[in-house]
Amino acid sequence: MAIEAVIFDFGGVLTSSPFEAFARFEAERGLPIDIIRRTNAANHLENAWAKFERAEVDIDTFDHLFAEESRALGAEVRGRDVLPLLQGDLRPAMVEALKRIKAQFRTGCITNNLPANAIGSMTGRSLYVAEVMVLFDHVIESAKIGLRKPDPRIYQLMVETLKVDPKACVYLDDLGVNLKPAREMGMTTIKVTSGAQAIAELEAATGLKLG
C-alpha cells in the first residue's frame, strides 16, 4: 500500500535525545549509569513518569514518586531534577525533512509530554516548538488527553483523525516500546537513533529526497 501519512514522535526524533543529558547528569552526580532510564523503564505503564505524562499527578507528587522509584533501583534521583534534562535541541535537518514530507503527505505527531509549565518557564523553547508544531496536520499530546504511548488507543486516534489506513502510515520514534503497537497495526516503523539514519530510512519509505 502506498504511503499517505507520516507520524512523528517529538522528543528524540525532531530533537536530540534527552538520554545524552541524562548520562551527563548521572556522571556529574556520581550516580549509577542509566539510573534515570531504568527508573523510567521499570513498571513503565504505571510508574511516576507514566502518571505525570497522563496528567494524573502534580509535580510535587511526581518528584516524590520518582525519588522513591529510583531509590528502589539503587540511588535517589528527585523527579524535579530530571525535568530540565528533557529539553533537547531541534534537529534542523529533521525539521527540513518534515517540511518536504508535509508537501506530499499527511503529517501527525504523537508525543508523550508533561502538563503545561511542568518544566518551568520555557518561553523561548515554546516559540520554536510552535514553529514545528504547525507543520503537523494533527498533534496528540498525552498530558492533554490522559493517554500515552504505548497505549494502542493513542495510535488509533491519530489514524482516525488523519483518515488514513495504518498500512499507509510511517511512524518514527526513538523508543522500541512505542514502535511495537504501531507495527502491530500495520504501520511501517522507523527506530530513530540519529537524524541522518532517520532521514535515510524515511527517504526509502516515502520515495522522497529529503536531504
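**Entry 1: D173**

I started with D173 and found its place in strand β4, which covers residues 169-173. I keep in mind that this is a predicted model. Is D173 buried or exposed? Its relative accessibility is 0%, and buried means under 20%, so D173 counts as buried.

Next I looked for a partner for its side chain. The side chain of D173 makes a polar contact with the side chain of Y171, at 2.5 Å. Then I asked which residues D173 is in contact with, once neighbours within four places in sequence are left aside. My list reads D9, V13, K149, N178, L179, I190, K191 and V192.

**Entry 2: A198**

I moved on to A198, whose place is in helix α11. A198 has a relative accessible area of 0%, so I noted it as buried. Not counting residues up to four places away in sequence, A198 touches M94, L172, I190 and V192. I190 and V192 were already on my list for D173.

V13 was on that list too, so I looked up how far it is from A198. How many residues apart in sequence are A198 and V13? They are 185 residues apart in sequence, while their C-alpha atoms are 8.2 Å apart in space.

**Entry 3: α6 and α11**

A198 led me to the packing of its helix. A note to self: two packed helices are described by the angle between their axes and the distance between the axes. Helix α6 has residues 92-102 and helix α11 has residues 195-206. Their axes come within 9 Å and cross at roughly 20 degrees. Angles under 35 degrees count as roughly parallel, so α6 is roughly parallel to α11. I also wrote down that the crossing of α6 and α11 is left-handed.

Which residues meet here? From α6 I found A93, M94, A97 and I101, and from α11 I found G195, A198, I199 and L202. Sorted by class, this contact of α6 with α11 has 7 nonpolar residues, 1 polar residue and no charged ones.

**Entry 4: α9 and α10**

I gave a second helix pair the treatment. α9 packs against helix α10 (residues 176-185) at an angle of about 55 degrees, and their axes are 9 Å apart. That angle makes α9 oblique to α10. The crossing of α9 past α10 is right-handed.

On the α9 side I listed P152, Y155, Q156 and V159. They meet N178, P181, A182 and M185 in α10. The residues of this contact of α9 with α10 divide into 6 nonpolar, 2 polar and no charged. N178 was a name I knew, since D173 is in contact with N178.

**Entry 5: backbone oddities**

I finished with the backbone. Most residues other than glycine have a negative phi, and most peptide bonds are trans. With that in mind I went looking for exceptions.

Where is a cis peptide bond? The bond from K149 to P150 is cis, with omega near 10 degrees. P150 is found in the loop between α8 (142-145) and α9 (152-162). K149 I had met before, as a contact of D173.

N43 has a positive phi, near 50 degrees, and is not a glycine. I found N43 in the loop between α2 (35-41) and α3 (48-53). Its relative accessibility is 53%, so N43 counts as exposed.

K163, another residue other than glycine, has a positive phi near 55 degrees. K163 lies in the loop between α9 and β4. At 68% relative accessibility, K163 counts as exposed.

Technical notes. Residues numbered from 1 in each chain as written. Predicted model: local features only at pLDDT ≥ 70, side-chain atom pairs only at ≥ 80, totals over all residues. Heavy atoms only, no water. Helix = DSSP H or I, 4+ residues; strand = E, 2+ residues; numbered from the N terminus. Buried < 20%, exposed > 50% of the residue type's maximum accessible area, 1.4 Å probe, protein only. Polar contact = N/O pair within 3.5 Å; in protein donor to acceptor, adjacent residues only side chain to side chain. Contact = heavy atoms within 4.5 Å. Axes fitted to C-alpha atoms, helices over the stretch in contact; angles between N-to-C directions. Parallel < 35°, antiparallel > 145°, perpendicular 65-115°, else oblique. Left-handed = near helix turned anticlockwise from the far one by under 90°. Nonpolar A, V, L, I, M, F, W, Y, C, P; charged D, E, K, R; others polar.
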